[in-house]
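Reader: I'd like a close look at just one part of this model. Could you pick a helix and walk me through how its sides differ and what it sits against?

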Amino acid sequence: MATTTEYTLEDVAAHKTKKDLWIIVHGKVYNVTEYVRDHPGGADVLVDVAGSDATEAYEDVGHSGDANEILHTYLIGTLKGAREFTRPRGVTVIQQIPKETKTTKSSTSSVVLTSGSLGGAALLLYLVLQGHINLSDTTAKLSKLLPKWLPAASLPRGGLPWGGFSNGFLTAFVLFSAGGGVLGSKLSALTRIESGFTRFPPHLPSHRIPRLDPHLKKGFLEPKDFKELPLIQKETLSPSVYRFVFQLPAPETVIGLPIGQHVAIKATVKGQSVSRSYTPTSNNLDLGRLELVIKCYPDGLLTGQYLANLKVGDKVLFRGPKGAMKYRNGLCKKIGMIAGGTGITPMYQLIRAICEDDTDTTEISLVYANRSEEDILLREELERFSQNYPKNLKIWYMLDTPPQKWKYGKGYVTSAVMADKLPGPSPDTKIMLCGPPGMVNASKKALESLGFQAAGSVTKMTDQTFCF
């Protein structure tokens, strides 16, 4: 929302409570009071910088393009006398490229020339021994042709009484073999030094050509530009929760979304440009369609005022892929998942990809929290995967108000529940979190008490605890 209103530092400092929270980022003033509840890093992060210049903290965290768009919707003015923020210069790392191993033509030439010489010598010896050449007339010339290790004086003068084809051929073969053995050993040493052929085993196993991962294929989405898709189906899954299905340009078109990443939706609502991110429940295997499961809060600017009112045929703007997670087979051996409400959608995307890949042996333990049984999203799909792939997926539900004869858990996802239902900390284990900020922050602290590494303020795929 464009504005020219100017504020001083004192003006901003007067708004530093959780219910009245202003911040400054890059010389612009934002009223983020309404966003405190939805902030992925929790309310405390915003309260810590309330009423002050949060530019350095904002840059240190490294916010995404989605975060910048969300922040822009809360712009109310500029800071009077603001100065441009500059980052400290980084260190340039120069990687030394190893020199290539030289290959010499002399090795190959020596082998060819020596082999030719030995062949010629053998033929010459054969002709002499058969009596076709008189050695007494050619000894001097022959001595120049033969190798130095075979003195010309050792050759017989004249024909041999024991001539004949068989004897001549046998004699030539013996002489050639003896000479070849000596020169062969020298050539072998030369070849070892210059070419390094003998470093490799005589029989190398064949390698399969790696199968292209369909989830890494580029498709419809563009990371920088918003593109329109029409809504072709809208289904109510539970109170205020909808399944939206959008049609891609052609039946064979893929979304172009790696597993674990999300899309941004943008719309203009009540004169404001609003953007939010959501993880599709579909993936690149679902040709021609993009599917989302979204909870539409009545007071939500994008969900309650826009998405909840969409009708079939309406067009929506999408951009992506976005996010730090890009799952691949072999990322880890065990994954513990803690999800709350619609936080199940990124988990479902990973669960589906793992279970549908016959080569992926990753073990998933999911703890899924909701208020009531009716609020459990994608339950039928989740339990189908659990039944068909019991080695890959185990599910444990947690409800605030469970029905009678409920066989799962009740209440919050505590450290005791995590210790019982999730894998323990190890280098081959990751924990993934997605849900309401309060649940996510409490889960982080509980996981630390169990020995897991502390989650960073900005999640990276290499972190042991990953927050969507």
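Author: On helix 9, the face turned away from the buried side carries the exposed residues E380 and Q387. Exposed here means over 50% relative accessible area, buried means under 20%, and partly exposed is in between (1.4 Å probe, protein chains only). This is a predicted model, where local features need pLDDT of at least 70, side-chain atom pairs count only at pLDDT 80 or more, and totals for chains, interfaces and linings use all residues. Residues are numbered from 1 along each chain as its sequence is written, and side-chain values use heavy atoms, with hydrogens and water left out.

Now the other side. Helix 9 spans residues 379-388, and its buried residues are E381, L382 and F385. They sit on the same side of helix 9 because they cover an arc of only 100° around the axis, taken from the directions from the helix axis to the C-beta atoms. Helices are DSSP runs of H or I with at least four residues, strands are runs of E with at least two, and both are numbered from the N terminus.

So what do those buried residues pack against? Their partners are helix 8 (344-355) plus three strands: strand 7 (241-247), strand 13 (363-370) and strand 14 (393-399). Contact means heavy atoms within 4.5 Å.

One of those partners, strand 7, belongs to an open sheet of six strands, ordered 9-8-11-6-7-10 with antiparallel pairing. Two strands pair if DSSP finds at least two bridges between them. The edges are strand 9 (272-278) and strand 10 (289-295), each pairing on one side only.
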